[in-house]
Every structure is written in C-alpha cells, then in structure tokens.
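Here are my notes on the model, as numbered points. Please read them with the coordinates open.

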Amino acid sequence: MNILSAERMAKRYGEKVLLDDVSFGIDGADKVGLIGVNGTGKSSLLKILAGLDEPDSGTVTLGSGVRVHFLPQDPQFDHDGTVLEQVFYGDLPVMRLLRVYEDTLNQLQLNPGSAAAQKQLIRLQSQMDESDAWNLEHEAKTILTQLGITDMHSKVGTLSGGQRKRVAMARALIQPSDLLVLDEPTNHIDNETVAWLESYLARRKGALFMVTHDRYFLDRVVNRIFELHNGHIYTYQGNYEAFLEGKMAREEAARSTEEKRQNFLRNEIEWIRKGPRARGTKQKARTDRYYEVLEQTPEAIGETVAISTASTRLGKSVVELHQVVKAFADKQIVNGFDYIVQRNDRIGIIGPNGAGKSTLLRMIAGMELPDSGEVRIGSTVKMGYFAQEHEAVDSDTRVIDVIREEAEYVETADGERIRATQMLERFLFPASLQWTPVAKLSGGERRRLALLKTLMSAPNVLLLDEPTNDLDIPTLSVLESYIDDFAGAVIAVSHDRYFLDRVADKIFALDGRGNIEVYFGNYTDYLERAASRTHADDSKEPSPDSRADPNPHTRVRDTLKFTFKEQKEYDEIEGLIEETETALQDVIKQMEVHAADHVRLQELFAQQQAFESKLEHLLERWTYLSELAEEIERSKDK
C-alpha cells in the first residue's frame with residue numbers, strides 16, 4: 001500500500017525542466033535510491049516529497065497519518081542549543097518530554113540540592129514510563145555515540161561542520177517517521193560510520209527515500225532505484241547492481257526502437273520522394289503515418305561523461321617522504337612516516353575524521369610543511385590538486401571562462417587537440433550552459449566543473465581530497481576510467497568504499513594517533529587484512545568462554561567424527577555443488593538471450609543472485625566438511 005503518491009508532477013527552474021509529468025508511488029516497505037546527473041533536480045524532488053517545496057503542477061499525496069522527516073545536505077540548527085536538544089527536535093509530545101527531561105537533568109548536575117528540580121525529575125520519570133520514552137532516549141544516545149558524538153551537552157555552535165552533520169543524522173534517525181528522506185547522507189562521514197549507517201538503515205522499519213552517490217550503500221540498503229533523467233523517472237526493482245542490468249537493457253531496447261524508427265523513415269522517404277503520381281496511388285494513411293513517426297521524439301539515452309587522458313611526462317623521481325612528523329597542539333597527525341611514491345601508484349588514504357588525511361595530502365602536494373622530516377617533490381612533477389572545498393570563483397564568471405582560465409584547449413594522449421567548449425560538452429555542460437554564470441549552477445555542477453578544471457591542467461600527479469563528495473555516479477564512473485588510463489601517480493583521500501576498491505592498489509590507513517599503516521591492495525583487501533590482524537591478536541589471548549562457542553564450525557568435539565547429518569551432507573554436497581553450478585550457467589545464458597527484455601532480465605537476475613548465494617554457502621560447507629574429514633582420518637592414524 002502506498003504511503004505517498006506523486007501524480008503528474010512538473011517542475012522547472014528557469015528554462016531547465018527538472019520534472020516533466022512524473023508519477024510514482026512509495027510503499028511502506030520501500031527503500032528507494034534516487035540517482036541522476038548533478039543538476040537534474042534530485043534535491044528539488046526530495047524537498048517536494050518532504051513538503052518544503054511544491055511542484056509547478058501535479059500533486060503529492062500522503063497517506064492518513066503518514067509522517068515524513070527530511071535530512072538536507074546543509075541542516076540548520078539553533079547554535080545555542082545542546083546536542084541532545086537538537087536531536088530531540090520537533091513538536092511531538094515525546095520529543096518535548098525528552099527535551100524537558102534532559103534540561104532537568106542538566107539543572108540537577110549544576111545544582112544537586114535543588115528540591116524543585118528533584119521533584120520535577122520524579123514527575124518527568126513517571127511521564128517517561130507512561131510514554132515509553134526511555135527506549136527513544138537510549139537509542140538517541142547510542143546513535144550519537146556510534147556517530148562519534150560523546151559530549152551530548154555541548155553547544156552545537158562549538159561543533160565542527162562534520163560533527164553538526166552527525167548530529168543532524170542522529171536527529172533524522174531518532175525522529176518517529178514513516179518516510180525518511182535523506183539527501184547525500186554519507187557525505188563528510190568516515191568509512192566506519194558509513195558502514196554502521198548502512199547496517200542501521202538496512203534494519204530500520206519504515207520507508208526510505210534518499211539521494212546518494214555511494215554505490216555500495218545503494219547495493220546493500222535499497223530495494224528500488226529511481227533514475228531521474230531529462231525530467232523523467234525510470235524505476236528499477238532491486239539494488240544498484242540490478243539497476244545497472246536494468247538500465248543496460250532499457251537503453252538497448254531504446255536503441256533498437258530508434259533504429260527501427262530510422263529504418264522506417266528511410267524506407268518511407270524514398271516512397272514520399274517518388275512524386276505526386278506515386279503518392280496519389282497510395283493510401284493517404286501511409287503518408288500520415290510517415291509524418292506521425294517523423295514527429296516522434298526518441299527516448300534519450302543517458303548521457304555519458306567522457307574525457308581523454310592528457311598529462312605531461314613524469315620523471316623517475318615523484319614524491320619522497322622521509323621521517324615526516326606533523327602535529328597540531330597536542331594532537332599527533334603523522335609520526336615519522338617514510339614512503340617513496342612510485343610513478344604509477346594508486347593510493348587511497350583512509351582514517352577517522354580528524355585523523356589528518358587532508359593534512360597528509362597537502363604535505364605531499366607541498367602546500368603544507370612538516371614539523372620535521374622532509375618531503376621531496378621531483379623536478380618533473382606537475383600536481384593536479386582537487387580540494388574538498390570549491391575554489392572561490394566570481395559568481396558572475398561564465399562556465400566557459402572558468403575552463404579557459406586554465407587552458408583554451410587540451411592535447412590528448414594520441415595528439416588530438418580538444419577545445420575548452422568540447423571538453424565542457426564531454427563533461428555534461430551543453431552549449432546552452434557554457435555561457436551561464438557560475439552562480440546558476442547546482443553544487444554538484446560546480447564540483448564537476450572544478451574537477452574538469454583540475455584535469456584540464458594536464459597534471460602527471462593527481463591528488464584528490466574526497467573527490468566523491470557531491471559528484472554524481474556517472475561522473476564518478478568516468479573519473480575512475482580516467483584514472484585507469486592516467487599516466488602518473490594518483491593519491492586520493494576518500495570515504496567511498498566503491499571508489500577505493502575501483503582505483504586503489506595501496507591503502508594508507510591513519511589511526512588518528514600519528515601512525516600510518518601501508519596495506520597493499522584495495523579497500524576490501526585492507527579490511528580483510530586488518531580483520532585478520534585483529535583476529536590474530538585476539539586469538540593470542542582466548543577468552544575463558546571460547547570452549548563454549550556454539551558455532552558448529554569452531555566447536556571442540558569430545559569425539560572426532562561426523563554426525564549422521566554431517567555424513568549424509570558430506571556424501572551429497574559435491575553433487576549439489578555441480579547441480580547449482582549448472583543451473584547458474586543456464587541462467588547466465590538466458591540473461592544473454594533476453595538482454596533486451598527488461599522484465600525477464602530482472603527475473604533472471606534475481607535467480608542468478610539466489611544461485612550464487614546458494615553456491616557460496618555450499619562451497620563454505622564443503623570446505624568445512626572436507627577439513628573435518630581430513631582431521632578424522634589423521635586422528636585414526638594416531
């Protein structure tokens with residue numbers, strides 16, 4: 001049953017069409033991810049659904065009693081209020097009760113002997129019991145702690161921008177709502193917090209509608225994808241992986257339809273050109289049909305961002321860090337770090353917020369000096385630095401002039417010269433937008449423009465500070481492809497796990513205490529090695545209860561032998577693995593056959609996932625049973 005229905009919505013921003021006759025419904029169990037190129041109107045749609053804006057035409061209807069809570073990219077606060085006061089925000093009676101309760105606790109801490117405050121606290125505790133508010137209070141404090149906010153009575157105005165974003169996140173998660181609307185919830189939070197948020201939202205009851213560029217987040221949280229493109233919304237069942245399959249099938253079908261339309265027009269135009277005598281002998285309906293097809297507007301295929309690799313030659317010496325030390329006040333950022341950057345390095349820098357990731361990047365760029373030690377930059381190095389914050393640009397400056405200030409043209413690896421206007425078109429800035437003042441661009445469009453300006457400088461060492469913040473998925477995909485072909489070193493600070501898996505072959509992990517561990521491989525490899533190290537450390541001091549581990553994979557048996565059930569499973573499992581592998585191959589072949597049938601492809605994709613999951617489980621069981629069989633045989637020989 002729909003808790004929200006949108007009917008024939010339209011919305012324009014100046015001459016730009018954001019929504020064009022858009023209709024959809026959201027069910028109470030839906031977790032929807034909205035994606036699209038920056039500037040297409042994603043944030044505008046969220047505001048309309050949250051009731052903060054209205055469509056130019058059409059309607060948004062909420063079900064009876066449905067509550068909606070919206071987390072914007074830039075949340076507003078009362079800076080004089082405490083963290084808990086801002087989390088327990090709103091006019092719901094339970095929220096007002098929690099605010100008064102926390103304020104009374106504060107008063108008692110300041111004046112423990114206050115009889116009035118003690119009497120009020122007893123009364124409030126009774127009301128908390130009646131309203132079942134204790135669980136809400138406990139959950140709020142748990143969420144804040146998970147988000148790294150431990151001083152819950154501090155003034156919001158004293159917090160950093162990242163900390164305020166976390167407070168807003170806690171407020172959004174704690175507010176009772178049937179539909180939670182989130183605009184880029186993973187921006188400006190570290191990897192561990194993103195993983196926690198991902199798990200929390202996957203378990204959360206109620207509907208979810210969010211914009212995010214985090215592809216792993218989409219893969220693991222959502223069950224529907226909405227793609228906003230050219231004012232229209234295309235819907236896909238499933239997660240991000242299913243969306244890619246569905247989008248590919250839809251665009252292939254659109255190309256096939258357009259090809260048939262063009263073939264029809266070519267054939268008919270030959271007939272039309274035969275002259276009045278030939279047309280007079282034919283049915284008028286045929287001529288009408290020709291003009292009808294001619295006037296049809298083919299479905300637009302999604303834009304693709306494309307940029308050719310361009311860089312200056314890089315010598316053997318790139319960047320060398322020798323015993324680098326950096327600290328701010330009493331906080332150690334880097335403590336005696338050594339590393340020699342190689343020509344083709346692809347390094348991802350990770351760590352908790354405030355650990356010093358951006359500071360390390362600026363030292364590598366030569367923009368900040370270490371307290372001691374040395375950073376040597378090679379004589380042929382040309383840095384391209386893409387910062388977190390937008391470079392200050394006069395808001396009246398035209399888009400084309402921003403790029404021309406960097407270069408009038410760029411030369412590609414194969415010697416082709418591409419003018420600034422052409423590069424802008426490849427980066428989704430059509431001619432009509434190139435002469436627009438920067439002030440009229442969306443935040444994401446400005447970010448994309450800044451990225452293009454950085455790449456237009458033809459660097460041979462590319463430094464990226466949180467490049468995925470505010471960039472849409474199509475732009476990220478092409479940035480990743482650009483990095484694949486980039487003839488130089490790339491060093492990126494990022495919390496985007498997908499991006500790090502896609503581009504990094506080394507990980508610098510900062511622990512926030514000045515230590516930097518270097519791991520070879522991408523982000524997933526880092527997680528596995530870090531987990532193995534933790535597991536190895538834990539195994540050195542087994543807990544007293546370890547022998548009582550109920551996990552059948554790890555329990556210690558008094559008598560080493562198969563149970564009846566395990567023996568039967570062991571005898572049959574290889575046949576089951578073979579059957580599952582065969583079934584999986586059959587499904588994959590069917591997907592190739594039905595590549596243009598979107599509905600059938602979705603069904604087959606679901607089957608593929610089910611078979612892959614089953615096969616993974618069977619292989620895990622086979623490994624365990626095989627190892628157990630070997631142990632049984634060895635015990636017999638003793």
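Which residue of β2 does Y13 stand opposite? The partner is K16 in β2. The points below start from that pair; note that this is a predicted model.

1. The hairpin. Strand β1 covers residues 2-13 and strand β2 covers residues 16-27; the two run antiparallel and are joined by eight bridges. Two residues lie between the strands of this hairpin, and G14 in the turn has a positive phi of about 65°. Besides the pairing of Y13 with K16, L4 stands opposite I26 in β2.

2. The other side of β1. Strand β4, residues 57-62, is also antiparallel to β1, and five bridges join the two. Within this pairing, A6 stands opposite V60 in β4.

3. The sheet as a unit. The three strands make an open sheet in the order β2-β1-β4, with antiparallel pairing. β2 and β4 are the edge strands, each pairing on one side only. From one strand to the next, the twist averages 15°. Helix α1, residues 42-49, lies across β1, β2 and β4 and runs at about 50° to β2. When checking side chains here, bear in mind that in a regular strand they alternate between the two faces of the sheet.

4. V22. This residue is in strand β2. Is V22 buried or exposed? Its relative accessible area is 3%, so V22 counts as buried. Leaving aside neighbours within four places in sequence, V22 is in contact with A6, E7, R8 and M9, and also with G231, H232 and I233. Of these contacts, A6 is the residue that stands opposite V60 in β4. The C-alpha atoms of V22 and H232 are separated by 6.1 Å, although the two residues are 210 apart along the chain.

5. Helices α6 and α7. Two packed helices are described by the angle between their axes and the distance between the axes. For helix α6 (residues 161-174) and α7, the angle is about 10° and the axes are 13 Å apart. The two helices are therefore roughly parallel. On the α6 side the contact is made by R166, M169 and L173, and on the α7 side by T193, W196, L197, Y200 and L201. By type, the residues of this contact divide into six nonpolar, one polar and one charged. For the spacing of such residues, recall that an α-helix has 3.6 residues a turn, so residues three or four places apart point the same way.

6. T186. The loop between β6 (179-183) and α7 (191-203) holds T186. T186 counts as buried because its relative accessibility is 0%. Which residues does T186 touch, not counting those up to four places away in sequence? They are V194, T212, H213, D214, F217 and H495.

7. Y498. Helix α18, residues 497-503, contains Y498. At 24% relative accessibility, Y498 counts as partly exposed, whereas T186 in the previous point is buried. Outside the residues up to four places away in sequence, Y498 touches R215, Y216, Y240 and E480. Y498 and H213 are 285 residues apart in sequence, and their C-alpha atoms are 9.9 Å apart. H213 is also one of the residues that T186 touches.

8. Helix α12. How many of the nine residues of helix α12 are buried? Eight are, so the helix, residues 357-365, is largely enclosed by the rest of the structure. The buried residues are K357, S358, T359, L360, L361, M363, I364 and A365. K357, listed among them, deserves a look in the viewer. After α12 comes G366, whose phi is positive, near 80°.

9. The chain overall. The secondary structure of the protein chain comes to 21 helices and 20 strands. Of its 638 residues, 46% are buried. Among contacts between residues at least 6 apart in sequence, 68% join residues at least 24 apart. The accessible surface comes to about 33,000 Å², and 48% of that belongs to carbon and sulfur atoms.

Definitions and conventions. Residues are numbered from 1 along each chain as its sequence is written. This is a predicted model: local features need pLDDT of at least 70, side-chain atom pairs count only at pLDDT 80 or more; totals for chains, interfaces and linings use all residues. Side-chain values use heavy atoms; hydrogens and water are left out. Two strands pair if DSSP finds at least two bridges between them. Helices (H or I, at least four residues) and strands (E, at least two) are DSSP runs, numbered from the N terminus. Buried means under 20% relative accessible area, exposed over 50%, partly exposed in between (1.4 Å probe, protein chains only). Contact means heavy atoms within 4.5 Å. Axes are lines fitted to C-alpha atoms, for helices over the stretch in contact, and angles run from 0 to 180 degrees between N-to-C directions. Angles under 35 degrees count as roughly parallel, over 145 as roughly antiparallel, 65 to 115 as roughly perpendicular and the rest as oblique. Ala, Val, Leu, Ile, Met, Phe, Trp, Tyr, Cys and Pro count as nonpolar, Asp, Glu, Lys and Arg as charged, and the others, Gly among them, as polar. Accessible areas come from the Shrake-Rupley method with a 1.4 Å probe; for residues, only the protein chains shown count as cover.
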